[in-house]
Amino acid sequence: MTITDLDRCHVWHPFTQAQTAPDAIPIRSAKGIRLYAEDGREFLDLISSWWVNIHGHAHPTIAAAIAHQAHTLEQVIFAGFTHQPAAQLAHELVQRLPAGLTRVFFSDDGSTAVEVALKMALQYWRNHGEGQRTRFLAFEGGYHGDTVGAMSAGKGCGFFDTYGSLLFEVGLLPYPATWDGDTEVEAKEQAALAWLDTYLADHGDTLAAVILEPLIQGSAGMRMCRPAFLQALAARLRAAGILLIFDEVMTGFGRTGAMFASLKAQVTPDIICLSKGLTAGFLPMSVTVASETIYAAFLGDSFDKSLVHGHSFTANPLGCAAALASLQVFEDEQTLAKLPHIEAWHRQGLATLAAHPLVQRVRVMGTIAAFDVVAADTGYTSPIGAQLKAFFHAHGLLLRPLGNVVYLLPPYCVSEAELAHAYATIAIALNTLCD
């Protein structure tokens, strides 16, 4: 049987309707920005394989670090034990994160990092004798993962209506999405802040935390907001004594042009969630990093005050080795200095596309570029997304539109020529929609 036959018989793919989807494309290998299929085709991976692969596929420094670690220590229970890769990684992350985030809790993926953050926030107040603080606020359109707590925080994205009976109540703030040339952004920001002011007046004494994706909402369609809005939001929450959680699962490790979106926005949250780019796409791992104040609330003489959460592969040494090697690549290759060039290339490509009659709401931040395609049906299930994806695959591009939103989120090893080729191909795809 072929790989396709075996896959068709036994595999259940994520975010896919198997009855109508084409067969999955077997990939044999990858290097840099290129994927090599079993049938000889090549694809430019312009979404970093679901936003995780930051330095390019099969980076030799990271591959070598994992191989070396595998010969030394591949796994050990992390309750009552520790090891050099985990302790060193925690230290290295704290040095790079906004000052004040000092305590690193390891887990397995982005959803779980969010679950841990929500549990930390809830129990923080309970341990302080304020058990009435059980409410959470998130943003309309926000996506935080697919576990129950993360789905609850992300119910505004519209993906989880099927599971409504499982979810707990979360208030939804209006999101002031903006784009190049948006003349209404300040009015939208003021409306959102006014909504928050009213909510705090009515429910502030029962609110545990606010969670959001800083600067860019990923799955909602790469919707962006301004740093000034986050600063105003954080100031209000700080004055009210409410915890702030940043879900940087997607925005972390350079995506917004700074190492973390929180640094770009100049806002320090109480808790931050990291995953995806943490291991540069090599292995699943996440961390939830909290302030010393949060951590101190869990100290005491009884197990009752402890954070009761853990996983079999918590702080897996191979994942830690990959993450440490990725941070070393940032230094060795001066990766952060590359990011302004990628942003400039995006702007060059979009400057031409912006004049197309089907293109609107052009937006760029760091290594992420996006625009909306004018369509009768919009949103994640817009049929235009599947149509465009098929065109891109046929022309050697791994692009996966979010419904009628086309976005590019390439590895940092992308070249100017490769991005120029991608934008030229996108222009051809848009022209086919006009035919």
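This report describes a sheet, the helices packed on that sheet, one further helix and two single residues in a predicted model.

**The sheet and its strands**

Seven strands form an open sheet with mixed pairing, and their order across the sheet is E4-E12-E11-E10-E7-E5-E6. Strand E4 (101-107) and strand E6 (171-173) are the edge strands, each of them pairing on one side only, and from one strand to the next the twist averages 20°. Although E4 is an edge strand, E4 is mostly covered, with five of its seven residues buried.

Two of the strand pairs can be set side by side, each with one bridge partner named as an example.

| Strand pair | Sense | Bridges | Example of bridge partners |
|---|---|---|---|
| E4 and E12 | antiparallel | six | Phe106 and Val287 of E12 |
| E7 and E10 | parallel | four | Val210 and Leu244 of E10 |

In the second of these pairs, strand E7 spans residues 207-212 and strand E10 spans residues 243-247.

**Helices on the sheet**

Helix H4, made of residues 84-96, lies across E4 and strand E12 (286-291), and its direction is at about 135° to that of E4. Helix H7, made of residues 185-203, lies across strand E5 (135-139), E6 and E7, and runs at about 175° to E5.

Helix H7 also meets helix H8 (residues 227-240), the two axes coming within 10 Å and crossing at roughly 10°. Because angles under 35 degrees count as roughly parallel, H7 is described as roughly parallel to H8. On the H7 side the contact is made by Glu189, Ala192, Leu193, Leu196, Asp197 and Leu200, while H8 contributes Phe229, Ala232, Leu233, Arg236, Leu237 and Ala240.

**Helix H12 and its two faces**

Helix H12 (residues 335-353) has 19 residues, and the distance from its first C-alpha to its last is 27 Å, close to the 27 Å expected at 1.5 Å a residue. The buried residues in H12 are Thr335, Leu339, Ile342, Trp345, His346, Gly349, Leu350 and Leu353. Viewed down the axis of H12, these buried residues fall within an arc of 130°, and therefore they line one face of the helix. The face turned away from that buried side carries Ala337, Pro340, Ala351 and Thr352, which are exposed. The cover over the buried residues of H12 includes both helices and strands, namely helix H11 (317-332), strand E13 (359-365), strand E14 (368-373), strand E16 (405-408) and helix H14 (416-434).

**Two single residues**

Ser111 belongs to helix H5, which spans residues 110-127. Ser111 has a relative accessible area of 14%, and because buried means under 20%, Ser111 counts as buried. When its neighbours within four places in sequence are left aside, the contacts of Ser111 are with His144, Gly145, Asp146, Thr147 and Ala150.

Ile27 belongs to strand E1, which spans residues 27-31, and with a relative accessibility of 38% Ile27 counts as partly exposed. With its neighbours within four places in sequence again left aside, Ile27 is in contact with Leu35, Tyr36, Ala37 and Phe43. Ile27 and Arg223 are 196 residues apart along the chain, and their C-alpha atoms are separated by 31 Å.

Key: Residues numbered from 1 in each chain as written. Predicted model: local features only at pLDDT ≥ 70, side-chain atom pairs only at ≥ 80, totals over all residues. Heavy atoms only, no water. Pairing = 2+ DSSP bridges. Axes fitted to C-alpha atoms, helices over the stretch in contact; angles between N-to-C directions. Contact = heavy atoms within 4.5 Å. Expected span 1.5 Å × (residues − 1). Buried < 20%, exposed > 50% of the residue type's maximum accessible area, 1.4 Å probe, protein only. Arc of directions from axis to C-beta. Parallel < 35°, antiparallel > 145°, perpendicular 65-115°, else oblique.
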